[in-house]
Each structure stands twice: as C-alpha cells, then as structure tokens.
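Trainee: I would like to go through the labels attached to this model and check what each one rests on.

Mentor: Go ahead, one label at a time.

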Amino acid sequence: MENLEDWKNLAEQRLHQGIEYVQQIPPTQLYAAIAVLLLTTILLLSIRWLRRTKSNTVLLSGLSGSGKTILFYQLRDGSSHQGTVTSMEPNEGTFVLHGENSEKGKVRPVHLVDVPGHSRLRPKLEEFLPQAAAVVFVVDALEFLPNCRAVSEYLYDILTNANVVKKKIPVLLCCNKADKLTAHTKEFICKQMEKEIDKLRASRSAISAADIANDFTLGIAGETFSFAHCLNKVTVAEASGLTSETAQVEQFIREYVKP
C-alpha cells in the first residue's frame, strides 16, 4: 500500500510539473506544436487510407493474335472490329465497362491496359504488374494447340513473377473466340496448359538458382501441377470479342475492382 501511495504522489507531482511547463510555453509556440501534431496525424491516416485503396488497373495479356485488343475495345465501348487488330503499343483507358453503361456515374471506372503480346514487347508487362489488381490472360481457343507451348511459357512467366506471387494478383485464363465451332473448350485448354506447365516446372528446375533468382516455384513439390496449387487465384472463362460475349470477363474484373 505504501508503494502504491508513493507512485500516486509521484504521478501527481509529474502531472503538476507538466502543467506548469506547458503554461510557461508562449501561446504561439503551443499552437504551432498542436498544429504540427494534428497535421502529422492527418498525414499518417491519409497514407494508411491510400494504402488500403485497391488499384483499379486490370491488364490484358497473352500472345499476339489472341484477340486482346478486340476484347479491349469491346470492354471499353462495344466497338466491333473485323479481322486481327495487332497493337505494338499498350492501349490504355479508364472507363466504365461497356456492359455497365446504363449505370454510368454509379460504378467505379476500370483502368484497362492491353499489353502487346509480341515477344520483344513483353517487358512492358513488367512495368504495369506492380499496379495491377488483376490480370486477364487471353488465349486463342481456335488456334490453341499449335501455340500451346508458347502460351504456357508466357503464363508460366506471369505466374512466377514476384509481383504476382507476393501480391497474390488473381489471373483469369480467358479462352477467346469460343463462338467458333472448332474452338477448344475451356476445360480442354486448362488441362493441356496444366500438363505443359508441369513439364516447364521440371525443365526450369534444372536451371541454376542464379538464373531464376527472381522467380518463384509453381505448384506443390512431388505433385502434378494444377492451377489450384497457385498462391494466387487462377480462374478460367470463355469469351468472344467479335460477338461481344464478354460477360464472364466483366464479372471477373468487377470481382477485383469493386463498383
């Protein structure tokens, strides 16, 4: 009890000393100190809020000729393009998705980036990945088999990218041109790519650690690769840019860029 009383007396003494010290400070200095404290608090809260604000950037990636650019225009304004539209520079735009035009002003715009698929221009993807909320990886379902290896290698590089793994960026495997009679189903494409990526895992594991220092290992060691094993979520959907069948893509985008 005596110790408690001593602590109480000491606390009261310190409090009185503190009050006396504050009273000795000129009002202008005191007000300035309070203002600095308030501004610092507001700044810290603002930074914290900005960090919590999720990105609205979605990337369209895939091989040249897969239909990314046509899909971009369909999502933007429903434009109809015939034939192949090849882009050598990224197409960018911030807009309300075409399927949501009736709700314009009530939904959050999406910053959509169509990244060129040419092998020499793929480093462009690396520039946008740090700010991506999601990635739509477009696959030509009509000409899938001849390009299966190249498509799988490109997707492998994305799934092992440090930004994608650390931030767990979701990826949509979008099987485009699904309206064609001879187009492969999304189930077939998914299974074939899983098999191909499983082979890539084995071949690339033989590369020295120095060469793959920035990559991450895919899947579970000792098990056949499955997209379900990825640290980030990978989903599969079908679409057709030429016939405006983009509902599944829009649904995926809105799952990660909240309206």
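Trainee: Why is glutamate 196 called buried?

Mentor: This is a predicted model, and in it glutamate 196 has a relative accessible area of 12%. Buried means under 20%, so glutamate 196 qualifies.

Trainee: What makes the contact of arginine 149 and glutamate 196 a salt bridge?

Mentor: Their side chains meet at 2.8 Å, N to O. The cut-off is 4 Å between a side-chain nitrogen of Lys or Arg and a carboxyl oxygen of Asp or Glu, so the pair counts. Arginine 149 sits in helix H5 (residues 144–159) and glutamate 196 in helix H7, 47 residues apart, which makes this a link between distant parts of the chain. Salt bridges with shared partners also join Arg149, Glu153 and Glu196 into one network.

Trainee: Why is arginine 149 called partly exposed?

Mentor: Its relative accessibility is 39%. Partly exposed is the range between the buried limit of 20% and the exposed limit of 50%, so arginine 149 belongs there.

Trainee: How do you know that serine 152 is buried?

Mentor: Serine 152, a residue of helix H5, has a relative accessible area of 0%. The limit is 20%, so the label buried follows. Setting aside residues up to four places away in sequence, serine 152 touches Met193, Glu196, Ile197 and Leu200.

Trainee: What makes aspartate 140 and lysine 177 a salt bridge?

Mentor: Their closest N and O atoms are 2.9 Å apart; the requirement is within 4 Å, so the pair passes. Aspartate 140 is in strand S4 and lysine 177 in the loop between S5 and helix H7 (186–204), so the salt bridge ties together parts 37 residues apart in sequence.

Trainee: Which of the words buried and partly exposed applies to aspartate 140, and which to lysine 177?

Mentor: Aspartate 140 has a relative accessible area of 11% and is buried. Lysine 177 has 23% and is partly exposed. The limit of 20% lies between the two values, so the labels differ.

Trainee: How do you know that aspartate 77 and arginine 76 form a salt bridge?

Mentor: The N to O distance between their side chains is 2.9 Å, and the limit is 4 Å. Aspartate 77 is partly exposed at 33%, and arginine 76 is also partly exposed at 33%. The whole structure has 8 salt bridges by this search.

Trainee: What makes Lys54 and Glu255 charged residues in the lining of the second largest pocket?

Mentor: Lys and Glu both count as charged, and both residues are in that lining. By class, the lining has 6 nonpolar, 2 polar and 4 charged residues. S4 and H8 are the elements that give two or more residues to it. The pocket holds about 230 Å³ of space.

Trainee: Which residues of helix H8 are buried, and what do they pack against?

Mentor: In H8 (residues 247–256), Val249, Glu250, Phe252, Ile253 and Arg254 are buried. Their packing partners include helix H3 (68–77), strand S3 (110–114) and strand S6 (234–238).

Trainee: Where is the confidence of the model lowest, and where highest?

Mentor: Helix H2 (residues 27–52) is lowest at a mean of 59, and S5 is highest at 97. The protein averages a pLDDT of 82, with 73% of the residues at 70 or above. Over residues 47–52 the pLDDT stays under 50, and the model has 0 contacts there beyond four places in sequence.

Terms used: Residues are numbered from 1 along each chain as its sequence is written. This is a predicted model: local features need pLDDT of at least 70, side-chain atom pairs count only at pLDDT 80 or more; totals for chains, interfaces and linings use all residues. Side-chain values use heavy atoms; hydrogens and water are left out. Buried means under 20% relative accessible area, exposed over 50%, partly exposed in between (1.4 Å probe, protein chains only). Helices (H or I, at least four residues) and strands (E, at least two) are DSSP runs, numbered from the N terminus. Contact means heavy atoms within 4.5 Å. On a 1 Å grid over the protein atoms alone, a cavity is a set of points where a 1.4 Å probe fits but cannot get out, and a pocket is an open set with protein on both sides within 12 Å along at least five of seven lines; lining residues have an atom within 4 Å of a point. Grid points are joined across faces, edges and corners, and a volume is the space filled by probe spheres set on the points. pLDDT is the predictor's confidence in each residue, from 0 to 100.
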